[in-house]
Every structure is written in structure tokens, then in C-alpha cells.
Amino acid sequence: MTIFVTGGAGFIGSALVRDLVSQEKELVVTIDKLTYAGSLENLTEISGSNNHVFEKTDICDSPAIAALFQKYQPRTVYHLAAESHVDRSIDGPADFIQTNLVGTFVMLQSALEYWRELTGPEKEAFRFLHVSTDEVYGELGPEGLFSETSPYEPSSPYSSSKAGSDHLARAWQRTYGLPVLVTNCSNNYGPYQFPEKLLPVVILNALEGREIPVYGNGENIRDWLYVHDHSSALQLVVEKGSVGETYMVGGRAEQTNIMMVRKICQILDQKIPTDTPRENLIKFVTDRPGHDARYAVDCSKIERELGWSQSVSLDEGLEKTVSWYLDNLDWVRSVGGGVEKDRRGLEGKSA
């Protein structure tokens, strides 16, 4: 039996791939175009595994995707491939429309054509999991949480393109019967996150004694989810979730951006002391357009119905993350490219 993971060379995708491959249960096929944020360096831990295959393929390439379905005959598709950096979507939205909307359409349509040819237990067992973000719901007020029934009010080209892809996934389930499930997650963090996102930017700049840029006054609030907790949730949704349902996945760890930055500086100060606190490197910069004030999700449905829970606390996860970057600076230099010279990732998101 075979599992597809699109975007499996990216941050969240590679965490999922590494977790799945380590279980040695099924063949895992990573499908990735290897854009700037995807790298085979993220999969070096499993490079010798006999239950992993990498396919460099663009999810917008319909004939190529259809051929992969016929070649590998997957039981499950984890669809994570997406353009995800909000600042990049503001500067150049076209890639986001192409990958997040057209790419999702191609994946859904190819899966539908493949699924229709299946019979018996194989057809019954097939699942397509569409992985999305809490940003599709827009800005949350000072109280309350996003839930599976919250209205969509995306603010950026990125979140709008993800909202559209969510609607496509649900339409292919309701109209054509394709066994689709959807998850919406909060901000992910952990090892192998591309160096343009908030936590890697803070870690690397603080380590090098460079200014740490923070948007506005740093009071924007996000819920933080350790990436391997997210991976476990995705697997549980595929195994036990109900077709057609949506599940929110969160860390139950709301923090302002400025507090996250300070926590990282304090961890680094403990590990590698300097003459002055690294918090002194913080520099508030002009806020970006359409910057949502707060996101937070109610993940009680997946906890109640599927028995999932977070296993890594925020403090533990930050400690793990900082330690990993300190131990893997060669990886940063390998994948970062020009980002190391122009780190503008002032807020982290999933990708």
C-alpha cells in the first residue's frame, strides 16, 4: 500500500514524511516541485529507507500527476503542497493562485479519476486529506476561537488562495463523492522550517548579533503548534476521521509575536551567553498590509472525536527548535540561499 505526500520536501510535509517512513508500514511517495522552500536536505534522515520514493513533479502538471496515480496506486493522499509565505503573496500573488488553486484542482481531479477506477476494499479505503490553515478565517477579535464552522474572511492573497482550495476540496467531496477530509492548522514551528519564517529568522539573527525585525508593535497573537504534533494529527484524521469533515488542529499555545521573540532570545542567552541580552537586538518595523491581529483555533473536535492531543508544550518545543538550529547550521546555509542575507520572514506560518 502506498501513501502520497505532496509538498513532502517542505517544512510540514517533510516532518510528516519522516514520521510515516519511520513507521515502516507503507511505501511513502514524496511529490514535490522543489521550489525555494522545498529541499531534499529535509529528507536526508530517510535517504536510505527502502519504503520511500521521491518524485520531482509539479502538482499543476496534470498528465504527470495522473501518471503517478497509475504508477503507484496510492491508498492515501496527504495534500500539503502550497505557496505559504504571506509577504511573498503580497509581492507576487500569481504563484499562489497557480499552486494553491490550480494545483489543488489538478490533485483533486486526478484523485477522482483514479478513485473511480477502484473497486471493493481499495475504493472504500481511499482517503484524500487536504491540509490548510487558520488564516482562511481572517482576523479574530480579542475573545473567542475559530471553529470548523467559522465563516471564511481571508485577508491576504495567500489566505485567499488557500480558502479557495478548501472550497474546491469540499466541492469534490460533496459533488463527486471523493472521500476528502480537510484540516485547518495554527502556526507551526520546529526543525527544518525555512529560514524566512519568524522563528528561524529570530534564532539566526540573534545568534549572529543582527537586528531582529518585528512587525508593528509585536502584539499580534498566534496559536503555536509543534510540527510533529501536527503530523500526528494528520495521520489520525486519515485513520479515524469521517469523510467530508473538517478538523481544526492547534497547539493551545497563544502568544504574541514579541513574546515568542523574547522567549527565543532568552533560550539563546542561556545556551550561548553574551555580554548583552539578545532582546536588545529587537527592532520594530513598519507593519505589513492586512496584518491580522489574532488567530486561535478550537481543536476540541479532534480531541473529543479522534482522541488527539498535543504532546509537546510550547516551552519544550521552543527549546527543541532552538537546539536543532544550533546543531544544524550547515542545513541553514545549504537551503537558505539569499534568505540568509535578507531575512524578512517576520511571522511564521505553515509550509
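This is a chat about a predicted model, in which a biologist asks how some of its descriptions were reached.

Biologist: Before anything else, how do you know how far to trust this predicted model?

Modeller: Look at the predictor's confidence score, pLDDT, which runs from 0 to 100. The protein averages a pLDDT of 93, and 96% of the residues score at least 70. Watch out for residues 338–351, though, where pLDDT stays under 50. The model has 66 contacts beyond four places in sequence for that stretch.

Biologist: Let's go to the seven-stranded sheet. Why is this called an open sheet, and which strands are its edges?

Modeller: The order is β3-β2-β1-β4-β5-β6-β10, with parallel pairing. At the ends, β3 and β10 (246–249) each pair on one side only, so they are the edge strands. From one strand to the next, the twist averages 20°.

Biologist: What makes β2 and β3 a pair?

Modeller: Two strands count as paired if there are at least two bridges between them. β2 and β3 have five bridges, in the parallel sense, so they pass that cut-off. As one example, isoleucine 31 stands opposite glutamate 55 in β3.

Biologist: Which helices sit against this sheet?

Modeller: Helix α1 (residues 11–22) packs on the sheet and touches β1, β2, β3 and β4. Its direction makes about 165° with that of β1. Then there's helix α8 (residues 227–240), lying across β4, β5, β6 (180–185) and β10. Helix α8 runs at about 145° to β5.

Biologist: And helix α2: how do you know that its buried residues are on the same side?

Modeller: The buried residues of α2 (residues 62–72) are Ile65, Leu68, Phe69 and Tyr72. They cover an arc of only 100° around the axis, so they share one side of α2. The face turned away from that buried side carries the exposed residues Pro63 and Lys71.

Biologist: What do those buried residues of α2 pack against?

Modeller: They pack against strands β1 (2–6), β2 (27–32), β3 (52–56) and β4 (76–79), along with helix α4 (94–117). Just after α2 there's a small detail to look for: glutamine 73 takes a positive phi of about 55°.

Biologist: Now the aromatics. Why is the pair of tyrosine 114 and phenylalanine 126 called edge-to-face?

Modeller: Rings pair if their centres lie within 6.5 Å, and planes over 60 degrees apart count as edge-to-face. Here the values are 5.7 Å centre to centre and 65° between the planes, so the pair fits both parts of the rule. By this rule the count comes to 17 aromatic pairs.

Biologist: What makes you say that this pair ties parts together?

Modeller: Tyrosine 114 lies in helix α4, while phenylalanine 126 is in the loop between α5 (120–125) and β5 (127–133). That's why the pair links parts that are twelve residues apart in sequence. Phe4, Phe69, Tyr72, Tyr114 and Phe126 form one aromatic cluster, and Phe69 and Tyr72 are among the buried residues of α2.

Biologist: Why are tyrosine 114 and phenylalanine 126 called buried?

Modeller: Buried means under 20% relative accessible area. Tyrosine 114 has 3% and phenylalanine 126 has 0%, so both count as buried.

Biologist: What about lysine 263: buried or exposed?

Modeller: Buried, because its relative accessibility is 19% and the cut-off is under 20%. Lysine 263 belongs to helix α9 (residues 257–271). Leaving out residues up to four places away in sequence, lysine 263 touches Gln255, Leu314, Asp315 and Leu318.

Biologist: There's a three-stranded sheet as well. Why is its pairing called mixed?

Modeller: The order is β7-β9-β11. Strand β7 (residues 187–189) and β9 run parallel, joined by three bridges, whereas β9 and strand β11 (residues 254–256) pair in the antiparallel sense, over three bridges. One sense on one side and another on the other: that's the mixed pairing. The edge strands are β7 and β11, as each pairs on one side only. Neighbouring strands of this sheet are turned by 50° against each other on average, direction ignored.

Biologist: Which residues could I look up to see those pairings?

Modeller: Try asparagine 187, whose bridge partner in β9 is tryptophan 224. For the pairing with β11, isoleucine 221 stands opposite threonine 256.

Biologist: And what makes β9 mostly covered?

Modeller: Five of the six residues of β9 (residues 221–226) are buried.

Note on methods:
Residues are numbered from 1 along each chain as its sequence is written. This is a predicted model: local features need pLDDT of at least 70, side-chain atom pairs count only at pLDDT 80 or more; totals for chains, interfaces and linings use all residues. Side-chain values use heavy atoms; hydrogens and water are left out. Contact means heavy atoms within 4.5 Å. Buried means under 20% relative accessible area, exposed over 50%, partly exposed in between (1.4 Å probe, protein chains only). Helices (H or I, at least four residues) and strands (E, at least two) are DSSP runs, numbered from the N terminus. The arc is that of the directions from the helix axis to the C-beta atoms. Axes are lines fitted to C-alpha atoms, for helices over the stretch in contact, and angles run from 0 to 180 degrees between N-to-C directions. Rings of Phe, Tyr and Trp (its six-membered ring) pair if their centres lie within 6.5 Å; planes under 30 degrees apart count as stacked, over 60 as edge-to-face and the rest as tilted.
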